[in-house]
Each structure stands twice: as C-alpha cells, then as structure tokens.
Amino acid sequence: MTMIEVKDLHKSYGKLEVLKGISCDIDASQVVCVIGPSGSGKSTFLRCLNLLESITSGTVIINGHDLSDRKLNTSAVRQDVGMVFQQFNLFPHMKVLENIMIAPVKVAKKPKAVTREKALELLDKVGLASKADVYPSALSGGQQQRVAIARALAMDPTVMLFDEPTSALDPETVGDVLQVMKQLAEEGMTMVVVSHEMGFAREVADRVIFMDGGVIVEDGDPAEIFDHPKEARTQAFLSRVS
Amino acid sequence: MTWYLGDLIPYIPLLLQGLWISIYISVLSFVVGSVLGLFAYLAKVGRFRVLRSISGAYIEVVRNVPLLVVLYLIYFGLTQFGVNLDPLWSTLIALTINNGAYVAEILRAGFESVPKGLREAAHALGMNGSQTFRYAILVPGIRNVFPAMTNQFILLFLFSSVASVIALPELTNQLLRVNSETLRTFEVFTVGALLYYVVSSVLAIGSRVGEKRLFRW
Amino acid sequence: MVNDFLQFLPALAKGAGTTAILCIVAAVGGSILGLIIGLMRSSSWAVVRWISAIYTNFLRGIPLLIILLFTYFALPLLVPGAIFSQMVSGAIGLTLFVSAYIGEVVRGSIEAVPKGQFEAAEALGMNFAQKFRFVIMPQAMRVIVPPWVGIILAMIKDSSLVSVIGLVELTQAGKIVGTNTMQPLVAFIIVGAVYFVICYPLGHFGRWYEKRLKASGFNVAHQATATDILDEEPGVRVGGNQ
C-alpha cells in the first residue's frame, strides 16, 4: 500500500524555488535513501513531509493525512511521522528517560506508567538501557542520536524520517547508529533517509533517489543507481563522493 | 601625606547604614523592575500591535537615555506638574523603570538564543505552541537568562550610587559626607570603593556558584 | 513655549559640545588603554596577566561615580598643590572606567581567534609583537566591533555622571536651564532626546554589524560583565550597561 504520495511538490522561499516539482510514491515498509549534493533540496523535501517546512504547491499525502488540507491537524500528522535530526536536538534539561517520555505523555496523553515501560524497552532496543537516568550532555554523539531515535519511536509512528542522522558524528559511533536504523528497517518501518552513507544505502535501502537542483534526477534500485547510473549528473555526483 | 584610617572609625555605622540603603533600593527596584521587564517582554513578543509598539518604545527610550536624566526627570521634572517626590521614591521609580527595559532585553536575548533545533524537535513530536515553549524552550531559556540577570543586578547595585546626587543617604552620599567631615579623602573613597567591590564580588561569585548548582545539566 | 526653546538652545548646545569633547577623549583614551590592558592578558609573564586581571575586575566592580569622585577629590592630593579641572578629572575617570571594559572585550576577541593561528604564527618564528600585529589582532578586530560599540554607547550615557563633579556637560546644562526657566520637565526631555538621537543609531549600527558578522560565521566576542571575576575563559554573557 502506498504510505507516502507526493505529487508535483514545489517549495519556494520568497522568490527562491528550492523544490521544483517532486513526485514520488513510497510504499509501506520501504526504505528510501535520498542522496544528492548540498543545496539539492533533499533536506527541504524531507522536512515538507512532516510540515516543518510549509508546502508552496503540490500534494503530499502521508498515511492518509493530506498535508495541503487547511483543516489538517498538524500535531496528529507529526505524531504519526517521527523525525531524527542531524543535531539530535535532545532536550538538554531533561534526563534521557524523560526526553523519551515527554511527548507520549504530554502530547499523546498516554498514561505515565505504560509510557515508562515502553520507554525503557526502546532504550534497551537501541542499546542504552543503562543510561536512562543521565542527562544528554553526559552522552557521546552516537549515544545521543540513538536516544533521539528512541524518542521518535516512542510516539509509535508509521513513518520515520532521518535528516542526515550520522553527519554530525565521529566515525566510530556512526556504525552504532546505522545498526539501529538497519534493525528498524528489518522490522518493517517505512523510512525516508537523507544521508551521505552510501554503504548504508547500498545495504539497507530498497530504493535510492538522487536529487539535484530541486528535482529528482534518478530513482531506482540501489544496485542500479550506484553501479549503473543512467544520468550524467548522477554519474558525476557518485564519482565525486566514492 | 599620611594614610590614616583611624579617623574613619566613628563613621563606620554611618557607612554601613549607607551600604544597607544601597542594597535595599537595589533589591527592591530589581524585583519590581524585573516584573515590569517581564511584562514589557511579553508585550513585545505578543499578538497586539499596540502593545508591541508601546513596549518597544519604552525599551528603546530607556536604553538610550542615561539613568541620571531619568532620575532628574522624575525628581525635578515632575515638579513642573506640581508632583514632588522625595529622593527615595524618585530613586526607586527611576531604577525600576531603568531595570525593566534591560530585563526585557535580557529575556528577549535569552529566549531567542535557545537553539532552533529544540523547537523543531518539539514540533516534530507533535507539540503545539505552548507545549513547545513549556517543555523545550523555557528551561534552556532560563539558563541563558540567569547570568545576564545576575550581572544586571550587580550593575544596578553599582549605579544606585547615582542617587547620591539627589541627597539620598545611600553609600556614596555617606562617603561624600564623611569626606567633608574628616577630609581624609583618599582613605574615604578607597574604603568606599572596597565596600562596593566586596559586595559586587560576592554577588558575582554567588552567581557563578548558583549557576553551577541550578543548572546541573 | 517657542521662546523658551530659543532660550534653552545655546546653553544646551554648549553642554552637548562639552559632552562630545569628553566622550571623544574618553573613547580614544579608553580604547588605547583598553587595548594595552587586553594585550597584557596574553602575556607570558604571570605578573603582567595578573595586573591586567585585577585592573579590569576592580574597575568593573565599583561604581563609575566612585571613580570620578576619586579622580576629582583624591587623585590631586598625590600631586602636591595640584587641582584637576572638572573636565580633566572627568576625562581621566571615564577613560579608566571604559578601559576596563574594553580590556575585557579585547581579551575576549583574542580568545575567539582559533588557537591554531597562534601556533602557526609561532611555528613560523614570529615573536609576540609580530604574532599579534600580523596574525592575531587583525582577526580579533573583526569581532570586536559590536561589543566595542556597545561600550562606547554606554559611555556616552555614563558621561552624564561627570555632572556630579560639576562639569557643565549636557545633563548639567539641562539641570541649570531647567532650574532657571522653572521648566525642568521640558529641559530634561530635550536632554533625553539628544542622548537618544545619538545613542539609538549607534545601537542599531552595532546590531547590524553583529548580524553581518554572524552571517559570515563569526561568533562575536561578547561584552564583558561583572560576573567574570573568576574567569579564565572569556566571559560569554550579554552585557547590560546603564
């Protein structure tokens, strides 16, 4: 079933058009990697999917929510679509467990006891069960990012968005985070990942989208895109980063 | 020229009294002024354009006009309307008005400098405006604001000396009095400077300690 | 009313002129002195560093009024038979006061220069003077403008305190005119307006410059504050000067 439907998505900041007509459909449980040079609009595209960026024109329907609907309950969409940021963005004044629990309790109004159990489970799943009672500042970048993933998962989203999740990490910790993401993919989560980690894309992604200059240049199988890119721009980009 | 502190000894109670008044007016104006500053800040970032303009004008005017002029306006200027405020009230009002504008600016800077990412993370989790503020912005914002506020209090305390010109018997005023009575100018002003310095240093160190204790994260 | 205006103006203008002279002298003197004090903080001799630290901490920890009273009443006693004029005392006192704040800002701007620059300069064999003249200070000067403007702005307002030792600068002129015409409100409103007209654009310039700097990726050296007493690192707080 189609989880995300994007038709002719345009996004402009004033006169500057950043997304020039993006169209793609993403099925449930698909793992899509979006690659491309900086300024290609890939992060903007991702952020349109949970309305952190407003849509200038076009349609985006994500798990049944029509993002161009004026009467849309933005909060409901965001509770359904989880996001992991490049800079983690954990709440520094809350301990790890509270970071994970705050949204389910205060936004989704779930009972505290149940949420607490679930949070501890998620923490265990990302390999940080012992860190429930510490502040984010005591954790390494990779650990913080894993907590951020747990925090997003705590809301039971149907889609997970990753905006360059490992770009701000030391190389040693990148692996831990990718491992968690791989596990998530194997469990069937629908994921859209903007990343430079070509290895991850090759291994885990079902599909790779190459963006440049605000449009989708090429879209297909990881093996096809990496080994037999059709477009000149794709070839140029890949030869520069490999 | 000889240095002799002995002449000052009988005046110690007077100086301490002056110090007490300096501290007392500083604390009072700081507290009331901060409340005023909070309202000014809320008005400035609020929804109503009229309130935004009024508070904006208040903040800009007070920050660009010397405290002494504001004090004179209240103490001397209002007599044109037949309003005669005594030195204490004039000082309290002037310091309060002055402090309010700076506190409003401190609040603005403190909350604006909370990293945008925290706001986005809160939004991404589905939080609405007030939830975002309450859970993601408020506490980090207060952490930014704290050192600036303690610094502001220290500055207010130091500038409370301005009240000496309208004969309020705070510390500087008492120093002038002791100077004229003992003519031990060097000693008097050195002692006075040290009194101010000790108080401001204690406050600064206290602020540092407080910051470490309150914001353990 | 118009008549009163005309009565006021010459006296106030003269006061403004006195304020201008006072401020220019203190700005130039205080900046030069502050520069030296700030540079002393980078000395390899602990004594020099300590002198600079005590100087800036002490002068920022006492009221300007005390400094002015001291320079007017006490300082002349050191020189037998000397009397400082009000302008001279005021200029000296204001200069000393400003130099302490500028010293701290200079220190902050030097510390904002990446350590690698110091090492590169030293590796090339430069001594203290060459290092600072060719490598460090040009970089430090870029980020120093906004806090320096802030200090000068505060100084212009603080110059009003020199009226306490009797100098007929703008504020004192206002007081005299106000008393003579029995319209102190009008007099002080005009005086306040003059200060506003000078300070407001200056403040805007400082803020504009700071925005420009931030856009090119520089972190502005923050204004020195009274809570920096125990600092080994630069004070990084917003300064609120009266």
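Me: What is the bridge partner of A:Val32 in E8(A)?
Reply: In this predicted model, A:Val32 of strand E3 has A:Val192 of E8(A) as its bridge partner.

Me: What makes E3(A) and strand E8 (residues 190–194) of chain A a pair?
Reply: Two strands pair if at least two bridges are found between them, and E3(A) and E8(A) share four bridges in the parallel sense, so the definition is met.

Me: How do you know that E3(A) also pairs with strand E9 (residues 207–212) of chain A?
Reply: Four bridges in the parallel sense join E3(A) and E9(A), where at least two are needed; at one position, A:Cys33 stands opposite A:Val208.

Me: Why is strand E3 (residues 31–35) of chain A called largely enclosed?
Reply: Buried means under 20% relative accessible area, and because five of the five residues of this strand are buried, the strand is largely enclosed by the rest of the structure. A:Val31, A:Cys33 and A:Ile35 point one way, whereas A:Val32 and A:Val34 point the other way, and all are buried. In a regular strand the side chains alternate between the two faces of the sheet.

Me: Why is the meeting of B:Glu120 and A:Arg47 called a salt bridge?
Reply: The side chains of B:Glu120 and A:Arg47 meet at 2.7 Å, N to O, and the cut-off is 4 Å between a side-chain nitrogen of Lys or Arg and a carboxyl oxygen of Asp or Glu, so the pair qualifies as a salt bridge. The count between chain A and chain B is one salt bridge.

Technical notes:
Residues are numbered from 1 along each chain as its sequence is written. Chains are lettered from A and ligands numbered from 1 in the order in which they are written. This is a predicted model: local features need pLDDT of at least 70, side-chain atom pairs count only at pLDDT 80 or more; totals for chains, interfaces and linings use all residues. Side-chain values use heavy atoms; hydrogens and water are left out. Buried means under 20% relative accessible area, exposed over 50%, partly exposed in between (1.4 Å probe, protein chains only). Helices (H or I, at least four residues) and strands (E, at least two) are DSSP runs, numbered from the N terminus.
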